[in-house]
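Trainee: Please take a close look at one part of this model for me. I would like to hear about its salt bridges, and then about one pair of packed helices.

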Amino acid sequence: EYERMARAEGDLWWYRALHHLVADTLAGHPRGRAARIVDAGCGTGGLLRFLQRRGYRRTDGFDLSSEAVRICRERGLPVRQCDLRQLDQAVGPETVDALISNDTLCYFTPAEQERIMGLFWQALAPGGLLVLNLPAFAAFRGIHDLSVGIQYRFSRVDIPRLLAPSHFQLVKACFWPFCLSPVIYLVRRGQRRRLRQAGATELKSDLGLPPRWLNCVLHGLTRLENAWLPWKPFGSSLFLAGKKTGPSTPC
């Protein structure tokens with residue numbers, strides 16, 4: 001799966017749209033391109049490469065997978081191996097201007113998620129920015145979840161639990177993609193039906209590249225709706241950004 005990710009994340013419409021969501025959110029950071037950015041759960045480094053190409057030079061990251069770290073290092077990226085639950089051993093307190101963690105909290109229980117959020121808060125400098133992308137709604141569960149090990153899908157009720165108002169000011173919350181959601185839902189529903197009927201089936205993620213023309217259409221459509229529809233009622237992912245507030249003591 002990491003090899004598939006490495007091949008797809010530079011071109012696949014979903015990754016490209018997510019990377020632009022992150023970049024658009026970081027554009028409002030007061031430190032600009034001088035901000036220290038950590039990608040917590042960086043996978044094979046696609047986002048780090050994207051940000052470096054946009055002029056962000058103080059970037060680094062870590063991932064639990066030794067395979068992901070190996071691929072990142074082969075790409076010349078400053079990445080270490082670390083578990084999110086041990087973030088405080090890899091990142092000093094209040095040393096990070098922007099911390100990004102895309103599609104990572106879904107692998108943990110709610111209790112673990114809240115502990116990790118406390119570690120994120122501690123790592124951020126005062127006024128620092130936390131950016132999260134999360135798989136959304138159980139209705140979108142499918143073979144992809146099983147193939148990559150997703151344990152938890154999020155909804156709107158999880159937002160105040162994760163970005164507690166006592167520690168974060170909510171900057172952005174949006175579901176995406178919206179227009180493609182009916183198609184994604186029908187595909188995933190069909191997958192769940194096949195799993196119930198057949199039992200065993202090939203487990204493979206959704207990381208394959210569609211034909212080039214279709215990939216361009218899907219990317220353009222998703223970028224357009226993210227730009228012009230800041231509020232959407234649902235989508236297969238939930239994108240969140242919060243600004244650190246509260247006293248400089250562990251939460």
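Mentor: Here are the salt bridges, followed by the helix pair.

The model is predicted, so local features need pLDDT of at least 70 and side-chain atom pairs count only at pLDDT 80 or more, while totals for chains, interfaces and linings use all residues. Residues are numbered from 1 along each chain as its sequence is written, and side-chain values use heavy atoms, with hydrogens and water left out.

The structure holds 15 salt bridges. The term means a side-chain nitrogen of Lys or Arg within 4 Å of a carboxyl oxygen of Asp or Glu. One of them joins glutamate 3 to arginine 70, at 3.1 Å from N to O. This pair links distant parts of the chain, 67 residues apart: glutamate 3 sits in helix H1 (residues 2-8) and arginine 70 in helix H4 (residues 66-74). Helices are DSSP runs of H or I with at least four residues, numbered from the N terminus.

Now accessibility. Buried means under 20% relative accessible area, exposed means over 50%, and partly exposed lies in between (1.4 Å probe, protein chains only). Glutamate 3 is partly exposed because its relative accessibility is 39%. Arginine 70 has 32%, so it is partly exposed.

Glutamate 114 and arginine 161 form another salt bridge, with the closest N and O atoms 3.2 Å apart. They too are distant in the chain, 47 residues apart: glutamate 114 is in helix H6 (residues 110-123), arginine 161 in helix H8 (residues 159-162). Glutamate 114 is partly exposed at 40%. Arginine 161 is partly exposed at 24%.

Aspartate 145 pairs with arginine 141 at 3.8 Å, N to O. Aspartate 145 has a relative accessible area of 0%, so it is buried. Arginine 141 is partly exposed at 28%. Elsewhere, salt bridges that share partners join Glu3, Glu67, Arg70 and Glu74 into one network.

Next, the helix pair. Helix H2 (residues 13-26) packs on helix H3 (residues 46-53) at about 50°, with the axes 10 Å apart. Axes are lines fitted to C-alpha atoms over the stretch in contact, and angles run from 0 to 180 degrees between N-to-C directions. H2 and H3 are therefore oblique to each other. Angles under 35 degrees count as roughly parallel, over 145 as roughly antiparallel, 65 to 115 as roughly perpendicular, and the rest as oblique. The contact (heavy atoms within 4.5 Å) is made by His19, His20, Val22, Ala23 and Leu26 of H2 and Gly46, Leu47, Phe50 and Leu51 of H3.

Terms used:
Helices (H or I, at least four residues) and strands (E, at least two) are DSSP runs, numbered from the N terminus.
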